[in-house]
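Please look at the model shown below. The report that follows describes parts of its backbone, its strands, its helices and its nonpolar cores.

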Amino acid sequence: MSRHGTDKARPESSTRPNVVLILADDMGFSDLGCFGSEIPTPRLDALARGGVRLTQMYNCARCCPTRASLLTGLYPHQAGVGHMVSDYGTPGYRGYLNDRCVTIAEVLKTTGYHTFMSGKWHVGGPYDVSRPDTWRAGDVGHPTPRQRGFDRFFGTLAGAGSYYRPPTLMRDDLFIEPDNTGFFYTDAINDQAVAMIESLPDDDPSPFFLYLAHTAPHWPLHAPPDDISRHESCYRAGWDGIRTARHERLRDSGLLDRAWPISLRDPQSHDWRTESHQDWQAMRMATYAAQIERMDQGIGRVIDALRRRYTLDNTLILFVSDNGGSAEFLAEDGHSARYDIRTLDGQSVSVGNSPNLMPGPATTFMSYDLPWSNASNAPFRLHKCWVHEGGIATPFIAHWPGRLKAGHVDHQPAHVMDLMPTVLDAAGATYPTEYAGSPITPTSGRSLLGSCRGERESQPRVILWEHQGNAALRAGQWKLVRRHPQQWELYDMAADRMETVDLAEQEPAMVRHLANQWQSCSAGIGVQPWESIHSWRCPPNKV
């Protein structure tokens with residue numbers, strides 16, 4: 001067996017399910033219709049109606065750590081991606097998947113699965129497109145999907161970039177450029193996934209695993225004008241009204257306890273009525289909504305391909321987001337040089353948020369900013385990068401007809417590291433103790449199939465987080481959380497998931513107990529003090 005090999009065992013049974021794992025990028029808890037949104041997402045909503053929604057599914061607060069965790073079944077530090085893709089020289093912060101972890105694709109490939117990936121990789125080290133002499137795909141420190149178990153790959157190795165001309169675009173092992181000016185990355189990710197599914201011979205009984213890793217709705221705000229125009233009028237009501245409406249729909253649908261009030265507007269936001277650029281602000285959120293709707297449409301094409309090529313009844317589909325909505329404001333981020341890439345037809349790109357420009361076309365590069373992120377993360381507090389609920393709570397859908405409890409809503413805490421054991425459980429595969437001659441770190445996750453069938457966990461679990469010093473621990477109903485470098489806060493999640501009433505002063509013994517538990521557990525997974533790793537904090541908005 002080899003990290004670079006193509007050896008594949010014959011399938012044990014043709015009844016094993018296909019698995020499609022769909023990941024959205026920078027999408028907040030309430031950005032899907034089936035999680036309270038006004039954004040039309042009928043394909044994902046249909047999966048939710050016929051499947052299961054988990055209301056307390058958590059990610060790792062940032063793109064790279066979450067991707068590392070869901071692919072390996074480990075905490076991101078255990079997989080080597082404790083922060084982002086820079087190498088800080090310590091095992092938990094190398095910036096790429098290490099040899100002590102194994103991906104879902106690597107495990108399933110050994111049991112006869114075809115393994116496909118379409119979309120964003122971003123767990124293979126840094127790819128500075130302005131300095132191509134500093135890296136080479138496939139070298140140590142820059143592993144590619146094909147080196148980590150995927151038979152086929154279409155997508156980008158790096159993180160954010162233009163939807164019209166994404167940097168580090170690759171097909172299998174070759175870098176490519178979009179072939180025409182009508183290229184749109186979200187469409188291409190879905191269409192290439194369809195092509196991979198349909199490339200399998202009709203007489204091949206082997207199941208497949210597809211990792212569909214979208215960049216939508218991560219900035220930049222890129223979408224076709226007709227898509228944007230469908231949403232513009234909706235957001236002229238402003239972020240305050242959107243937040244309230246989403247909270248009410250979440251409570252009415254049973255996804256949230258009706259006793260929980262919505263969190264207060266973010267202190268760095270402001271009353272919509274005082275906003276001086278309302279038309280422009282409405283267009284920003286309309287473009288963001290168009291990105292999500294476009295992703296949903298493409299996922300629908302993938303589902304249609306499953307119906308044509310296979311029986312959908314024998315496919316496990318999982319959907320999750322890598323972190324909460326992003327409060328990043330590009331005009332002050334210093335990103336201009338990094339993303340100053342001309343369009344395919346040679347036009348320059350204006351990087352940054354300017355009310356003098358409208359979002360959407362390839363010649364702009366904008367984000368939707370903190371107030372709209374606060375709406376995406378409704379009803380929770382804070383944003384991407386923080387480990388309060390707004391940064392780590394993700395919508396989650398599981399769909400497997402006849403095998404999961406259709407229409408079920410489960411409120412038990414879960415984590416993206418649970419996706420590896422869940423997929424292996426469904427596939428009848430075993431998590432290895434060693435792979436390619438290296439010992440493998442035991443998985444920290446647990447299968448979610450029981451929860452998705454309506455079963456209760458025998459005992460409350462403990463989950464912890466650390467991202468650039470922001471830290472949290474969930475133990476049953478209690479959550480200990482802090483914003484670096486501030487003090488610990490304590491919340492009773494059964495009574496106050498909005499994290500509005502800090503009980504730290506009332507429950508000092510509980511704070512000490514949970515803080516000691518966090519310290520012990522975090523040391524065991526390779527967390528280092530953030531001050532010793534890096535001095536920079538994200539996002540740049542000062543809270």
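P485 lies in the loop between β18 (478-482) and β19 (489-492). Helices (H or I, at least four residues) and strands (E, at least two) are DSSP runs, numbered from the N terminus. The peptide bond that joins H484 to P485 is cis, with omega about 5°. This is a predicted model, in which local features need pLDDT of at least 70 and side-chain atom pairs count only at pLDDT 80 or more, while totals for chains, interfaces and linings use all residues. Residues are numbered from 1 along each chain as its sequence is written, and side-chain values use heavy atoms, with hydrogens and water left out.

A second cis peptide bond joins A216 and P217, with omega about 0°. P217 sits in the loop between β7 (208-213) and α6 (225-229).

Most residues other than glycine have a negative phi, and most peptide bonds are trans. Two non-glycine residues with positive phi are listed here.

| Residue | Phi | Loop |
|---|---|---|
| T168 | near 55° | between β4 (152-156) and β5 (169-171) |
| Q468 | near 40° | between β16 (462-467) and β17 (470-475) |

Are these residues buried or exposed? Buried means under 20% relative accessible area, exposed over 50%, and partly exposed in between (1.4 Å probe, protein chains only). T168 counts as buried at 8% relative accessibility, and Q468 is buried with a relative accessible area of 1%.

Strand β2 (residues 52-58) is mostly covered, as seven of its seven residues are buried. Which strands pair with β2? Two strands pair if DSSP finds at least two bridges between them. Strand β11 (residues 393-399) runs antiparallel to β2 and is joined to it by five bridges; here M57 stands opposite T394. Strand β12 (residues 408-410) runs parallel to β2, with three bridges, and R53 has V409 of β12 as its bridge partner. Strand β13 (residues 414-415) is also parallel to β2, with two bridges, and H415 in β13 is the bridge partner of Y58.

Helix α2 (residues 63-72) has 10 of its 10 residues buried, so it is largely enclosed by the rest of the structure. Among the buried residues are C63, C64, R67 and T72. G73 follows α2 and has a positive phi, near 75°.

Two packed helices are described by the angle between their axes and the distance between the axes. The axes of α1 (residues 42-50) and α8 come within 7 Å and cross at roughly 60°. Therefore α1 is oblique to α8. Axes are lines fitted to C-alpha atoms, for helices over the stretch in contact, and angles run from 0 to 180 degrees between N-to-C directions. Angles under 35 degrees count as roughly parallel, over 145 as roughly antiparallel, 65 to 115 as roughly perpendicular and the rest as oblique. P42, R43, L44 and L47 in α1 meet D296, Q297, I299, G300 and I303 in α8, where contact means heavy atoms within 4.5 Å.

The largest nonpolar core has 70 residues, and those touching the most other members are L32, F208, L210, Y235, F319, W372 and I397. Helix α8 (residues 278-309) gives the largest share of this core, 15 residues. A nonpolar core is a set of buried Ala, Val, Leu, Ile, Met, Phe, Trp, Tyr and Cys residues joined through side-chain atoms within 4.5 Å. A second, separate core of 60 residues includes V102, M117, M420 and C452. Leaving aside neighbours within four places in sequence, I397 has contacts that include L32, L44, L47, R53 and F319.
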